[in-house]
Amino acid sequence: MSSEDAFHALLAQNKSFASTTQSKNPDLLAKCAQGQSPSTLWLGCSDSRCPETTLLAAQPGDIFVHRNIANVITPHDLSSQSVIYYAVNYLKVQHVVVAGHTSCGGVAAALGNGVVGGTMDAWLMPVRELRSKLLDEGAFEGKDDKAKAVSLVEANVKRGVEVVRRNPEVLKAMEERGVKVHGVVYDVGTGELRELETGEGEEGLKKRLENFKLG
């Protein structure tokens, strides 16, 4: 199939989606047209194999989304931080999910020392820094390349959770509304999500509030 045919096939599939949705759930799209009130913010990877609405069996309007290469979340990225601010302050989401996945190309690139090119090498630097940290800690010892990649995926998700939890707006929402921040890894080979242990305990929460809460 040519690229032009592939595009027109997508347009045809959209018509099918609209028709099927109107038939099975006639109120859904009309409700979406009135506004949105998603319960969850999903911070994931741009990988085409990880469409959050599909893998969560969710509906339009359920999930507010930000995706980028290798689900890199830093306090300096205006795009992700703007999404977090809007989701927490205006949409009043109750859950923030940082999602990584197996077979991630960005993580694979960060595990190697090759030049990716363009802006990608700078973008992946936070993941390369995590790789360096794991190497220093001996976290890769005795592991094959696949297991090393999973370890780096998990570390990247946990680091993203830490960044989100240090966000002043998220901290405020956690205190006032009980907002929860989660870390998950999606297995592209099985279609299943696995939640990571990202708890911090009372002492960790106290320190985070002392160091990062503003106002």
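These are my notes on three residues looked up in a predicted model.

**Entry 1, Ser-80.** I began with Ser-80, which I found in helix α4, a helix that spans residues 78-89. I then asked whether Ser-80 is buried or exposed. Its relative accessibility is 0%, and the cut-off for buried is under 20%, so I put Ser-80 down as buried. Next I looked up what the side chain of Ser-80 meets, and noted a polar contact of 2.9 Å with the side chain of Asp-77. For contacts beyond the neighbours within four places in sequence, I listed His-66, Ile-73 and Thr-74 for Ser-80.

**Entry 2, Tyr-85.** I stayed in helix α4 for Tyr-85. Tyr-85 has a relative accessible area of 39%, which lies between the 20% and 50% cut-offs, so I entered it as partly exposed. I also looked for a surface patch around Tyr-85 and found a nonpolar one that it forms with Tyr-86 and Tyr-90. Together these tyrosines have about 350 Å² of accessible area.

**Entry 3, Glu-197.** I turned to Glu-197 and placed it in the loop between β5 (193-195) and α10 (201-212). With a relative accessible area of 63%, Glu-197 is exposed, because the cut-off is over 50%. Which backbone atom does the side chain of Glu-197 reach? I found the backbone nitrogen of Gly-199, at 2.8 Å. I also checked Glu-197 against Val-184: the two are 13 residues apart in sequence, and their C-alpha atoms are 8.9 Å apart in space.

Definitions and conventions: Residues are numbered from 1 along each chain as its sequence is written. This is a predicted model: local features need pLDDT of at least 70, side-chain atom pairs count only at pLDDT 80 or more; totals for chains, interfaces and linings use all residues. Side-chain values use heavy atoms; hydrogens and water are left out. Helices (H or I, at least four residues) and strands (E, at least two) are DSSP runs, numbered from the N terminus. Buried means under 20% relative accessible area, exposed over 50%, partly exposed in between (1.4 Å probe, protein chains only). A polar contact is a pair of N or O atoms within 3.5 Å; within protein, one must be able to donate a hydrogen and the other to accept it, and residues adjacent in sequence count only if both atoms are side-chain atoms. Contact means heavy atoms within 4.5 Å. Patches are made of residues with over 30% relative accessible area and no salt bridge: like charges are joined within 9 Å, nonpolar side chains (Val, Leu, Ile, Met, Phe, Trp, Tyr) within 5 Å. Accessible areas come from the Shrake-Rupley method with a 1.4 Å probe; for residues, only the protein chains shown count as cover. A salt bridge is a side-chain nitrogen of Lys or Arg within 4 Å of a carboxyl oxygen of Asp or Glu.
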